[in-house]
Amino acid sequence: MKGIIFTNFADFISDSFGLIAWQNILDDTALDEDGCYVGTMTYPDNEFMALFVSACTHCQRDSVEMQLEFGRWLFPILLAKSPAEVKLIDNLKEFLFSIDTVIHVEVKKLDPEAQTPSLHCTQLDEKTVCLDYLSSRGMGYLAQGLIEGASSHFNETTTITITPSESPEKFKIMVYFK
């Protein structure tokens with residue numbers, strides 16, 4: 001996983017729960033990197049997951065809640081780092097369709113070894129978009145939180161539902177526009 005996720009998770013925990021909470025999480029988690037991360041580097045997924053599980057315990061959040069909160073918090077930060085053409089998008093639907101076709105393509109140009117999730121978008125009708133999420137990390141609720149953050153950013157009223165599959169890597173995310 002890219003260091004940018006680690007560094008932003010540290011900032012999220014510190015902003016939301018306090019710097020002492022982050023320090024306690026680091027102290028209680030067996031880490032290879034001693035909690036020092038660089039945004040451009042790549043780190044083992046299991047290291048992030050260990051931090052995440054520890055954060056859930058320390059912050060008294062379940063995994064779903066923590067992923068949703070982190071996703072909502074993270075969206076404006078990732079948007080600010082997006083390619084210029086993405087920053088010109090002025091609606092959620094167009095943004096959703098740009099995730100795999102623009103954003104993840106640009107990420108892989110910068111780092112060919114980056115393992116971005118797959119988010120296949122299908123417009124089911126004028127007011128419904130279906131996203132098929134696939135990632136070995138199984139962080140579908142983080143994706144939902146990011147989409148909720150995007151919905152808020154674009155000032156669009158939506159209902160977002162998520163359905164996990166039998167496989168922990170796959171989720172179906174439905175976005176209903178009002």
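This tour moves from the whole chain to its cysteines.

The model is predicted: local features need pLDDT of at least 70, side-chain atom pairs count only at pLDDT 80 or more, and totals for chains, interfaces and linings use all residues. Residues are numbered from 1 along each chain as its sequence is written, and side-chain values use heavy atoms, with hydrogens and water left out.

Begin by displaying the protein chain as a cartoon. Seven helices and four strands appear; these are DSSP runs, with helices (H or I) of at least four residues and strands (E) of at least two, numbered from the N terminus. Followed along the sequence, the pattern is α-α-α-α-α-α-β-β-α-β-β.

Next, show the C-alpha atoms, which fill a box of roughly 50 × 35 × 30 Å along the principal axes.

Now turn to the surface of the protein chain. Its accessible area is about 9,400 Å², and carbon and sulfur atoms hold 54% of that; the area comes from the Shrake-Rupley method with a 1.4 Å probe. Of the 178 residues, 44% are buried (buried means under 20% relative accessible area, exposed over 50%, with a 1.4 Å probe and protein chains only).

Finally, select the cysteines. The structure holds zero disulfides, a disulfide being a pair of cysteine sulfur atoms within 2.5 Å. Select cysteine 36: the closest cysteine sulfur, in cysteine 59, is 19 Å away and therefore too far for a bond. Cysteine 36 counts as exposed because its relative accessibility is 56%. Move to cysteine 56, where the nearest cysteine sulfur, that of cysteine 59, is 7.8 Å away. Cysteine 56 has 10% relative accessibility and so counts as buried.
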